[in-house]
Every structure is written in structure tokens, then in C-alpha cells.
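I opened this notebook to keep track of what I looked up, one topic at a time. The entries below follow the order in which I went through the structure.

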Amino acid sequence: LLCTATMYLYSVTLQKAGGIQKAVYGSFSAPKVQEIVVSRGKSLEVFTTDGEGRLISLYYTEVFGTILSLSTFRLTGGNRDYIIVGSDSGKITILMYEREKATFVKIHQETFGKSGSRRIVPGSYLTCDPRGRAVLISAIEKQKFVYVLNRDGAANLTISSPLEAHKSHTITFDVVGMDVDYENPCFACLELDYSEVDEDATGEAAASVEKQITYYELDLGLNHVVRKATLAVERSAHALYAVPGGGDGPGGVLVCSEGLISYMNINHDAVAAPIPRREQVGDASLRPPVIVTGALHKQKKMFFFLLQTDVGDLMKVTLDSEKNKVSRMKIAYS
């Protein structure tokens, strides 16, 4: 008899990877606990803090794949957060952490494309609606899917069939879920349309093409995704951060560019401020600073952003607003 089974090998190093690529926080094991889940490319690890503020590892696991994106969401009225993972498997995976069993429990795993890190297969970018009603997963180019999240009669998490939000000849640089309170979920995507560039052999179109923020709105009544608006941004724009909305803030997004941070929203004038730089940092002082990562801290009636530049400087960003109109942005060393 001939054996037709194929053997696949997976390499596991003796020493764990040290570089953290993605990190999210929430209450994963129980209500009102503070936990952090980090991704090191091919592994997930859960941390919590002790009474002295030190990080304690609770659980570590290999995922036998490559994690491309990571996010969290909490259903409306819920008290625990779910983890949602985008990877090179061509699937979107929703996990719940069980502290008693010390393991991740797979709640849903939906297939939408081929496996492998492909530029037109979603997984590279992932964001959730702040109210936990929908999730958008995007590829580097063209394809985007929106999934509606809900509960069934037994209060179990359900996920809908994917709704397409594709746009050909478009490169995506970042996606973020906007805080629109309980209106239809809206997602902001930083995109570049290169359709005219492909048709121009002179290179003039490539030199003048603009990046844009495209707002995708999910109509929960019609179960359909539409492009709501488009705003032009700086050519060097590379990252978006959602600003709290509803009763917590003015809404909108922060757009990070080279040497500049801008606040933008639909039907609102842009408010920008330059990123402070060191006086002498060798060659780094000759080029504008770039924001590489950031986080939002939000409390009742108060919020601010902590953003870090490529030279390690930590900035605190606050917005002065009244009646959902932003008048000034403040950036200071933290």
C-alpha cells in the first residue's frame, strides 16, 4: 500500500520571540480586570499586573501561523472583551480567554480567502466598531469585508456573512473604527487610488496622486456597506487614531503624517499641529519625526492620546473642543 499522506513541518525555536508587533488591552478573563494580549508574530501571550504594577504572564501559546492584525471588541451590554485575530490563514478568528482553563477558546472562525500573506487577501488590517457591532478586515489592496456581530437567543456571540466593501486599484495604509455612538457603524480607511498612475507613462500622475480618508458606513437596516465621504490628506499620512465621540468627545480621527498630526472629521475643518522634535539627534534631526505607535486613554469627560515617534519620544496629545467642534490641538512631551 502507498501512503498518500503529506508531512508538514513547523519550526519552534527554543527561545521565544521577543519583539512585540501588536498589543491590545481589555477584560478578557472576567469583568473589571486589566489584562494585555500581545502578539509576537506567531504567538499570543496574556499578561496581567500585580499589586506593584509588574507584568505577570498568564498564558502563552503558538498559533502555528503568522498573526497580521489584532483587535478587541465588547458586545453592547457585555462585561468581557473578545479577541479577534487576522492572520495568513485566510480566516478571521474570534477568541475568548478562559482563565480557569488557562487557554484561548475559539468562538468563531470564518474563511474568506486563500491562505498565505497575499496583498489582495484581507487580514493585514483589522478594526472594530467601538460599540462592538461590526468588524472590518482589510487587505493591503482592493478587498475589504465587514462582519456584523450580534447575539442569538441564548446570548451567544454570532457573526454574519461577510459584506463586501471592495475598491479596485486602491492601496490601504490603515483602518480604524470611528466612535459614532449608536448611529450606523462607520470605518475610516487611509487609502491611495493608483488607477490613473497605471495609465500614465510620464510619471506625472504618480507625483501628484493624493492619499485620502474614505469613510465606509454600514447600514444596519439595509445590511449594506456604502462609501459615505472622502477627505484628502497629506501624502506622507500613514496612521489613523479614532477620537472618542458621542458624549465622550468630538469624534473624528487623528491623522499622523511626517512632522504633523491633524484632526479631521466630516463637515469639520482640519486642525493640525507640528510634532515637537529634539534639537540634536544626529541624522534624525534632519528629517521630520514620524509617529510609529500610540494608545488612547479615556475616562469620563476626559481623554488623551499617547503617541511615540521613531526616535522614542513620547507625546501627549489633547484636543480642546466644545459642542463637537475642535478649536485647538496640544502636543507635549510626556
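**Entry 1: strand β3 and its neighbours**

I began with β3, which is mostly covered, since six of its seven residues are buried. I noted at the outset that this is a predicted model.

Next I asked which strands pair with β3. On one side I found β2 (residues 35-39), which pairs with β3 (residues 43-49) in the antiparallel sense over five bridges. Two of the residue pairs I wrote down are I36 with its bridge partner F47 in β3, and V37 with its bridge partner V46, also in β3. β3 is also joined to β4 by seven bridges, and these two strands run antiparallel. Here I recorded L44, whose bridge partner in β4 is T61.

I then looked at the turns that link these strands. The hairpin of β2 and β3 has three residues between the strands, and G41 takes a positive phi near 90 degrees there. The hairpin that β3 forms with β4 has five residues between the strands, and in its turn G53 has a positive phi of about 85 degrees.

**Entry 2: the sheet that holds β3**

Stepping back, I looked up the sheet as a whole and found an open sheet of four strands in the order β1-β2-β3-β4, with antiparallel pairing. Its edge strands are β1 (22-26) and β4 (55-62), each of which pairs on one side only. Ignoring direction, neighbouring strands of this sheet are turned by 20 degrees against each other on average. As a reminder to myself, strands of a sheet pair through backbone hydrogen bonds, and the pairing can be parallel or antiparallel.

**Entry 3: another sheet of four strands**

I went on to the sheet with the order β14-β15-β16-β17, which is also open and has antiparallel pairing. Which strands lie at its edges? They are β14 (170-177) and β17 (224-233), each pairing on one side only. From one strand to the next, the twist averages 25 degrees.

Inside this sheet I followed β15 (residues 186-193) and β16 (residues 211-219), which pair in the antiparallel sense over seven bridges. At C186 I noted that the residue standing opposite in β16 is E217.

**Entry 4: the cysteines**

Having met a cysteine, I wanted to know how many disulfides there are. The count comes to zero. A disulfide is a covalent bond between the sulfur atoms of two cysteines, so I checked the distances between sulfur atoms next.

Why is C189 not bonded to C186? The sulfur of C186 is the closest cysteine sulfur to that of C189, but it is 8.9 Å away, which is too far for a bond. C256 is in no disulfide either, and its nearest cysteine sulfur, that of C189, is 16 Å away.

I also checked whether these cysteines are buried or exposed. C189 is buried, because its relative accessible area is 0%. C256 counts as buried too, because its relative accessibility is 0%.

**Entry 5: M264**

I looked up M264 next and found it in strand β20 (residues 260-265). Its relative accessible area is 12%, so M264 is buried. I also compared its position with that of V326: the two are 62 residues apart in sequence, while their C-alpha atoms are 9.4 Å apart in space.

**Entry 6: a pocket and a cavity**

For the open spaces I turned to the second largest pocket, which holds about 390 Å³. It is lined by 21 residues, and the closest to its centre are D179, V180, E183, P250 and N265. I sorted the lining by class and got five nonpolar, ten polar and six charged residues.

For enclosed spaces, I asked how many cavities of 30 Å³ or more a search of the whole structure finds. The search finds two. I described the second largest cavity, which has a volume of about 40 Å³. Its lining includes L68, S87 and D88, together with residues from G116 to R118, namely G116, S117 and R118. V121, P122, G123 and S124 belong to the lining of this cavity as well. By class, this lining divides into three nonpolar, five polar and two charged residues.

How values were computed: Residues are numbered from 1 along each chain as its sequence is written. This is a predicted model: local features need pLDDT of at least 70, side-chain atom pairs count only at pLDDT 80 or more; totals for chains, interfaces and linings use all residues. Side-chain values use heavy atoms; hydrogens and water are left out. Two strands pair if DSSP finds at least two bridges between them. Axes are lines fitted to C-alpha atoms, for helices over the stretch in contact, and angles run from 0 to 180 degrees between N-to-C directions. On a 1 Å grid over the protein atoms alone, a cavity is a set of points where a 1.4 Å probe fits but cannot get out, and a pocket is an open set with protein on both sides within 12 Å along at least five of seven lines; lining residues have an atom within 4 Å of a point. Grid points are joined across faces, edges and corners, and a volume is the space filled by probe spheres set on the points. Ala, Val, Leu, Ile, Met, Phe, Trp, Tyr, Cys and Pro count as nonpolar, Asp, Glu, Lys and Arg as charged, and the others, Gly among them, as polar. A disulfide is a pair of cysteine sulfur atoms within 2.5 Å. Buried means under 20% relative accessible area, exposed over 50%, partly exposed in between (1.4 Å probe, protein chains only).
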